Amino acid sequence: MALGRELVIKRLMTPDDFVSVCVTESRSLEINNEEIDITKPSCADPGSKLLLQLMYGIQRINVQLDGAFVNNTASKAMIGDAVNQVVTPYQVVVPGVGTFEADFLISLTFSGDKTNELQCQGRMSATGTVGFTPVVTP
């Protein structure tokens, strides 16, 4: 059984080393495929029932993060990416599914109150080609 906490986000820190960005509460990866309607009426029977026909359009890969802020090296680098608008390679490891790797644009929101830990919510949007390496099951 895969645990949700095993969904890991990693940032490229050196040319060959992806380091985990610590996310304490929740994270999710969405594969959003735009649908393009290519339905055409029958030329032989234009009054007949139309059957929906679709094709893929733009694909978006988005990641959401949420939790208490953890001040580690990869998290600091991610903040730098957001503040300085730097597009950087990240990996998202989905347990039992595989690893997604792409350049991501980062958006972050920090929040807190006077008695609890500083919270951080983030959105990562893949740009360009997204690599996918599926998990190989024996």
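## A tour starting at R11

Select R11 first: this residue is buried, with a relative accessible area of 12%. Here buried means under 20% relative accessible area, exposed means over 50%, and partly exposed is in between, using a 1.4 Å probe and protein chains only. The model on your screen is predicted, so local features need pLDDT of at least 70 and side-chain atom pairs count only at pLDDT 80 or more, while totals for chains, interfaces and linings use all residues. Residues are numbered from 1 along each chain as its sequence is written, and side-chain values use heavy atoms, with hydrogens and water left out.

**Stop 1: R11 and its surroundings**

R11 is found in strand 1, which covers residues 8-14. Helices (H or I, at least four residues) and strands (E, at least two) are DSSP runs, numbered from the N terminus. Now show what R11 touches, counting heavy atoms within 4.5 Å as contact. Leaving aside neighbours within four places in sequence, the contacts of R11 include F18, V19, A74, M78, D81 and Y90.

Which residue forms a salt bridge with R11? Select D81: the closest N and O atoms of the pair are 2.8 Å apart. D81 lies in helix 1 and R11 in strand 1, so the pair ties together parts that are 70 residues apart in sequence. As background, side chains of opposite charge can pair when their charged atoms come close. The rule used here asks for a side-chain nitrogen of Lys or Arg within 4 Å of a carboxyl oxygen of Asp or Glu, and by this rule the count comes to one salt bridge. Like its partner, D81 is buried, with a relative accessible area of 4%.

**Stop 2: the partners of strand 1**

Next, show strand 1 as a cartoon together with strands 2 and 5. Strands pair if DSSP finds at least two bridges between them. Strand 1 and strand 2 run antiparallel and are joined by five bridges, and a hairpin of two residues connects them. To see one of these bridges, pick L12 and its partner F18 in strand 2. Strand 1 also pairs with strand 5, in the antiparallel sense, over four bridges. On that side, the bridge partner of R11 is Y90 in strand 5.

**Stop 3: helix 1**

Select residues 73-84, which make up helix 1. At 1.5 Å times one less than its number of residues, the 12 residues of helix 1 should span 16 Å, and the end C-alpha atoms are 16 Å apart, which agrees.

Which residues of helix 1 are buried? Colour A74, S75, A77, M78, D81 and A82. Seen down the axis of helix 1, these buried residues fall within an arc of 160 degrees, so they line one face of the helix; the arc is that of the directions from the helix axis to the C-beta atoms. Several strands help to cover the buried residues of helix 1, including strand 1, strand 2 (17-21), strand 5 (88-94) and strand 6 (98-111). Turn to the face away from the buried side and you will find the exposed residues T73, V83 and N84.

Just after helix 1 comes Q85, in the loop that leads to strand 5. Q85 has a positive phi of about 50 degrees although it is not a glycine. Q85 is exposed, with a relative accessible area of 73%.

**Stop 4: strand 4 and its two partners**

Now select strand 4 (residues 54-68), which runs antiparallel to strand 3 (residues 26-37) and is joined to strand 3 by 11 bridges. One of the bridge pairs to pick out is S28 with Q64 of strand 4. Strand 4 also pairs in the antiparallel sense with strand 7 (residues 119-134), over seven bridges. There, A68 has Q119 of strand 7 as its bridge partner.

While you are here, zoom in on N62 in strand 4. Is N62 buried or exposed? N62 is buried, with a relative accessible area of 10%. Its side chain makes a polar contact with the side chain of S125 (3.3 Å). A polar contact is a pair of N or O atoms within 3.5 Å; within protein, one must be able to donate a hydrogen and the other to accept it, and residues adjacent in sequence count only if both atoms are side-chain atoms. Not counting residues up to four places away in sequence, N62 touches S28, L29, E30, M124 and S125.

**Last stop: G4**

Finish at G4, in the segment before strand 1. At 56% relative accessibility, G4 counts as exposed. Draw a C-alpha to C-alpha distance from G4 to S107: the two are 103 residues apart in sequence and 22 Å apart in space.
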